[in-house]
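Work through the exercises below with the model open. Each task is followed by a stepwise solution.

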Amino acid sequence: MKNFYPSQYKQDSDFITNHNYLKEQFSDYKSIIKEIEKVIENSDYTLGSAVDEIEELIAIEAGTDYAIGVGSGTDALFLSLKSLGIGIGDEVITTTYTFYATIGAIVTAGATPVFCDIGEDYNIDPNQVKEKISKKTKAIIPVHWAGRPCDMDTINKLAIENNLFVIEDSCHAIQAELNNKRCGSLGNIGCFSFHPLKNLNVWGDGGIITTNDESLANKLRLIRNHGLIDRNTCVEFAYNSRLDTIQAVVAKYVLKNKLSNITEKRIKNSLLFDFLLKDIEEIDINTRNNNLKEVFHLYMFKTKRRDEIYNYLRDNGIDAKIHYPIPMHLQPAAKKYNYKKGDFPKAEFAADSSISLPVHEFICEEQVNKMAKLIIKFFEK
């Protein structure tokens, strides 16, 4: 099987208004390279000082006592499960409407994913969580989909009543808030991704874990680095999932110089879309709640004419996306769990009807207006 990413990058770059922004987001790369030169001078390529620095900054950003840098957002989820002792014979409840990594982390940790349907907001339905709890359940992984916080009050209440851990998949949700508290601080553990297309992005893979639990933080620092407590002493045979020092430099630069603007622009563009598209009867836009701060990693709406509008926008130079057309319980990899079409109707409907529009920080108001006019024109036909 060939690497499919290079051709995908080339195809995406051909649009007039692009969903991805890989060229623009690091046009100031020379400033970052100056910081990377310090890594070369210090020769601290592996768990260097920049990793400690970004950990301190992310802990402050998320409102937690600790942050632990790891190799990716996927590793953040996997290592979180391992740090809690979750593995073979255990069940982890999560949403079927998520990216593959959420489920992959559960399965590779040795546990069994137990799927739930979503609500109208794309997030896990807490009522289904309650129904799926069994004697084998050890944890719940709510996914703050597209940067909209889940109903953590209900989820945490269920977790406390049933002695379960809560691991927040916050990979879309840096700076998102529920009742003025940041995602990543709302459960036992929070997991973030620094993938190049995330709101806080680096030049490759990277991730970070947040927690207020000192013992978990110490465990995570141990198992991300082979179980070493010093150069010569291994107390637990573990994993190699260290946040690369160079990527830590990039993350620190983005956090200090760009992240607030990235968040503000995504919110501004998304709310402008809300306003411009609100009168179209054939589309369904999320209701915005005052107790939530959504950071719009994705801007999505549902329409029964999704495939038509998708092709129409792309034919007009707009890089519309579908996130994602097949929910996790219907993926080929999930066959062994014996789910079938119809088991989670809201997630399946979202997969069939949702479309994502570009709203990143390089999209200007003129482009939002242009996209909105195209969408309005389409639905007037």
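**Exercise 1. Cys 171**

Task: Find the cysteine sulfur closest to that of Cys 171, and decide what the distance says about a bond.

Solution. This is a predicted model.
- Step 1: The closest cysteine sulfur belongs to Cys 191.
- Step 2: The separation is 6.5 Å.
- Step 3: A disulfide needs the two sulfurs within 2.5 Å. Cys 171 and Cys 191 are therefore too far apart for a bond.
- Step 4: Check the surroundings of Cys 171. Its relative accessibility is 14%. The limit for buried is under 20%, so Cys 171 counts as buried.

**Exercise 2. Disulfides in the whole structure**

Task: State how many disulfides the structure holds, then examine Cys 116.

Solution.
- Step 1: The count of disulfides is zero.
- Step 2: Cys 116 accordingly takes part in no disulfide. The nearest cysteine sulfur, in Cys 150, is 11 Å away.
- Step 3: Cys 116 has a relative accessible area of 0%, so this residue is buried.

**Exercise 3. A ring pair across the chain**

Task: Classify the aromatic pair of Phe 273 and Tyr 299, and locate both residues.

Solution.
- Step 1: The whole structure contains 15 aromatic pairs.
- Step 2: In the pair of Phe 273 and Tyr 299, the ring centres are 5.2 Å apart and the planes differ by 25°. Planes under 30 degrees apart count as stacked, and this pair is stacked.
- Step 3: Phe 273 sits in helix H10 (residues 259-277), and Tyr 299 in strand S13 (residues 299-302). With these positions 26 residues apart, the pair links distant parts of the chain.
- Step 4: Phe 273 is buried at 0% relative accessibility. Tyr 299 is buried at 1%.
- Step 5: Tyr 299 also pairs with Phe 296; the centres are 6.4 Å apart and the planes at 35°, so this pair is tilted. Phe 296 is buried too, like Tyr 299.

**Exercise 4. A cluster and a charge**

Task: Which residues do ring pairs link into a cluster with Tyr 122, and what lies over the face of Tyr 122?

Solution.
- Step 1: The cluster joins Tyr 122 with Tyr 97, Phe 99, Tyr 100, Trp 145 and Tyr 324.
- Step 2: Lys 302 lies over the face of Tyr 122, 4.2 Å from the ring centre.

**Exercise 5. A three-stranded sheet**

Task: Give the strand order of the open sheet of three strands, and name its edges.

Solution.
- Step 1: The order is S7-S6-S12, and the pairing is antiparallel.
- Step 2: Strands S7 (181-182) and S12 (292-293) each pair on one side only, which makes them the edge strands.
- Step 3: S6 (residues 177-178) and S7 are joined by two bridges. Leu 178 has Lys 181 in S7 as its bridge partner.

Notes. Residues numbered from 1 in each chain as written. Predicted model: local features only at pLDDT ≥ 70, side-chain atom pairs only at ≥ 80, totals over all residues. Heavy atoms only, no water. Buried < 20%, exposed > 50% of the residue type's maximum accessible area, 1.4 Å probe, protein only. Phe/Tyr/Trp six-rings, centres within 6.5 Å; stacked < 30°, edge-to-face > 60°. Helix = DSSP H or I, 4+ residues; strand = E, 2+ residues; numbered from the N terminus. Lys NZ or Arg CZ within 6 Å of the ring centre and 35° of its normal.
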